Amino acid sequence: MRRTLRDVKRIALLGATGSIGRQALEIIAGHPELELVAAASGSQPVDGLAPLTQVGGDLTELLERAQPDVVLNAVVGFAGLPATLWALESGVDLALANKESLVAAGELALAAQERGGALLLPVDSEHSASFQCLEGRSPASVDSLVLTASGGPFRGRSADDLADVKPEEALAHPTWNMGPKITVDSATLANKGLELIEAHFLFGLPYDRLEVLVHPTSIVHALVRFRDGGALAHLGYPDMRVPISYALTYPERAATPVPSLDLVGLTLEFHAPDLEAFPLLALATEAGERGGTAPCVFNAANEVAVEAFLEERISFADIAEIVAASLESLDLSPARDVEELTASDEQARAYAQGALSRA
Ligand SMILES: NC(=O)c1ccc[n+]([C@@H]2O[C@H](COP(=O)([O-])OP(=O)(O)OC[C@H]3O[C@@H](n4cnc5c(N)ncnc54)[C@H](OP(=O)(O)O)[C@@H]3O)[C@@H](O)[C@H]2O)c1
C-alpha cells in the first residue's frame with residue numbers, strides 16, 4: 001500500500017451522496033489519518049466535499065487524477081464496475097460496497113487483483129464479518145460459511161401474500177437503513193443472492209459450502225464453520241459504520257461511535273429461508289453455479305426490474321419472473337473480457353426492458 005510520509009490514507013469516495021457514502025464521510029471526518037482526496041456521485045452535487053470531485057461520467061478519470069491510496073466504491077449497480085477494475089488493476093486498495101461489480105465480473109476482478117496486487121476489503125457487512133472470521137485461512141479449512149439475512153420487511157409472508165405489495169412496504173426495512181435499490185433487493189432476498197455470489201468470489205468457496213440463514217435481528221452478520229468442528233461468528237449492532245471503518249482503517253480497527261453489544265437478555269434466532277416465497281435467492285445461486293455471464297445477466301435484469309417496481313410499473317412478483325425469463329432466454333458466455341461482459345449486461349437490460357411490457 002502506497003502511503004504519504006505522515007502515514008495518512010488518501011481516500012477516493014465514489015457514491016459520496018448515497019447511504020454508504022454519507023456514513024463514510026462521517027467515518028473519514030472522525031479520523032485524522034484518513035484524508036478525502038476525491039468524491040463522486042451519479043447526479044447530485046458534490047462540490048466542496050473533496051479537492052477533486054466529479055458528477056457522473058467515467059469515474060476512472062477522477063481516480064487517475066486523484067491517485068488515491070484507497071478507493072471506497074459505494075456506487076450502486078453495474079455502473080460501479082470500471083472503478084472496481086481500475087483499483088484492482090492499478091494495485092490501489094479497494095474497499096468494496098458495490099457488490100454488483102464483483103457479482104457481474106467476479107473472474108475479471110480477481111484476475112485484475114492478481115495482476116495489481118491490491119487488497120480487496122469487503123464493506124458489505126456480512127462479507128466484512130466473514131473476512132474477519134476467516135482471517136486469510138484457506139478455503140480447505142472451512143466446512144461452510146453462513147451469511148445471515150434479516151428476512152426483510154416480508155419475512156414470514158407467502159408468495160400469494162406478496163404478489164401485490166407496494167414499493168413503500170418494500171422500502172420499510174426492519175433493521176438496516178439503506179438506499180432504495182438494495183432495500184428492495186433485501187425484500188426480495190435478491191440481495192442475499194448477490195451476496196452469495198460475492199462471497200464465492202471473495203473467499204474462493206463453492207456454492208455448496210455457502211449457506212443463508214434468516215436471522216431477524218441482524219446481530220450475527222456471518223458465521224464460519226471450520227472443519228475441526230469449531231465455528232466463529234461476527235456479532236454487533238447492525239450499523240454500516242462498523243464495516244466502513246474496518247475497511248478504511250484496516251488493519252488498525254479504529255474506534256467508531258457504535259456502542260458495543262449488550263449481551264444480557266440477548267437471544268439469537270435462525271431460520272431457513274423460504275425459497276418459494278423468495279425465488280430470487282435460488283435463482284441467484286443457480287446463476288452463480290452456471291458462472292460465465294449468468295451472474296451478470298441476473299444482476300442486469302434485477303436492476304431493470306427493481307427500478308420498474310419502484311416506479312410502480314410492475315408488481316413485486318414480476319421482479320423474479322423477469323430475472324428468471326432473462327436467465328432462461330439469453331445465451332450465456334464465459335465472460336472473457338470487459339467488452340463481452342458489457343455486451344451481456346446491455347443485452348440483459350434490453351431483454352428485461354422488453355419483458356416489462358409483457359409483465
Ligand atoms: N446502504 C447500505 O447499508 C449497504 C450495505 C451493504 C452494501 N451496500 C452496497 O453499497 C452500494 C451503495 O448502496 P447505497 O445504499 O449507498 O446506495 P444509494 O444510497 O442509492 O447511493 C448510491 C450512490 O451511487 C451514486 N451513483 C449512482 N449511479 C452512479 C453512476 N452512474 N456514477 C457514479 N455514481 C453513481 C449515487 O449518486 P447520486 O446520489 O448522484 O445518484 C449515490 O451516491 C450498493 O452496491 C449496495 O448494494 C449498501
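This briefing covers the ligand site, two sheets and several individual residues of a predicted model. Local features need pLDDT of at least 70, side-chain atom pairs count only at pLDDT 80 or more, and totals for chains, interfaces and linings use all residues of this predicted model. Residues are numbered from 1 along each chain as its sequence is written, and side-chain values use heavy atoms, with hydrogens and water left out. One open sheet has six strands, and another has four. The protein covers 86% of the ligand's own accessible area of 900 Å².

**Ligand site**

- The ligand has 25 residues around it (near means that a heavy atom of the residue lies within 4 Å).
- Thr17, Ser43, Gln44, Glu100 and Gly179 come nearest.
- By type, the shell holds twelve nonpolar, ten polar and three charged residues. Nonpolar covers Ala, Val, Leu, Ile, Met, Phe, Trp, Tyr, Cys and Pro; charged covers Asp, Glu, Lys and Arg; the others, Gly among them, are polar.
- The side chain of Gln44 places an N or O atom 2.7 Å from a ligand oxygen.
- A polar backbone atom of Gly18 is 3.1 Å from an oxygen atom of the ligand.
- For Ala97, a backbone N or O atom lies 3.4 Å from a ligand oxygen.
- The protein covers 86% of the 900 Å² of accessible area that the ligand has on its own (Shrake-Rupley method, 1.4 Å probe).
- Helix H1 (19-29), helix H4 (99-116) and helix H8 (180-188) each give two or more residues to the shell. Helices (H or I, at least four residues) and strands (E, at least two) are DSSP runs, numbered from the N terminus.

**Six-stranded sheet**

- The strand order of this open sheet is S3-S2-S1-S4-S5-S6, with parallel pairing. Two strands pair if DSSP finds at least two bridges between them.
- Strand S3 (52-55) and strand S6 (120-122) are the edges, each pairing on one side only.
- Neighbouring strands are turned by 20° against each other on average, direction ignored. Axes are lines fitted to C-alpha atoms, and angles run from 0 to 180 degrees between N-to-C directions.
- Strand S1 (residues 9-14) is largely enclosed by the rest of the structure, because five of its six residues are buried. Buried means under 20% relative accessible area, exposed over 50%, and partly exposed in between (1.4 Å probe, protein chains only).
- S1 pairs in the parallel sense with strand S2 (residues 34-41) over six bridges. Leu14 stands opposite Ala40 in S2.
- Four bridges join the parallel strands S4 (residues 70-73) and S5 (residues 93-96). Here Asn73 stands opposite Leu96 in S5.

**Four-stranded sheet**

- This open sheet runs S8-S7-S9-S10, and its pairing is mixed.
- Strand S8 (210-214) and strand S10 (231-235) form the edges; each pairs on one side only.
- The twist averages 20° from one strand to the next.
- Strand S7 (residues 142-149) and S8 are parallel and share five bridges. Val212 in S8 is the bridge partner of Leu147.

**Backbone exceptions**

- Most residues other than glycine have a negative phi, and most peptide bonds are trans.
- The peptide bond from Tyr250 to Pro251 is cis, with omega near 5°. Pro251 has its place in the loop between helix H10 (241-249) and helix H11 (279-290).
- Arg253 is found in the loop between H10 and H11. Arg253 is not a glycine, yet has a positive phi of about 60°. Its relative accessible area is 53%, so Arg253 is exposed.
- Glu312 also has a positive phi of about 60° although it is not a glycine. Glu312 lies in the loop between helix H12 (294-310) and helix H13 (316-329). At 52% relative accessibility, Glu312 counts as exposed.

**Other residues**

- Glu303 lies in helix H12. Glu303 is buried, with a relative accessible area of 14%.
- The side chains of Glu303 and Arg349 are joined by a polar contact of 3.1 Å. A polar contact is a pair of N or O atoms within 3.5 Å; within protein, one must be able to donate a hydrogen and the other to accept it, and residues adjacent in sequence count only if both atoms are side-chain atoms.
- Ser333 is found in the loop between H13 and helix H14 (338-358). With 24% relative accessibility, Ser333 counts as partly exposed.
- Ser333 and Ala95 are 238 residues apart along the chain, and their C-alpha atoms are separated by 29 Å.
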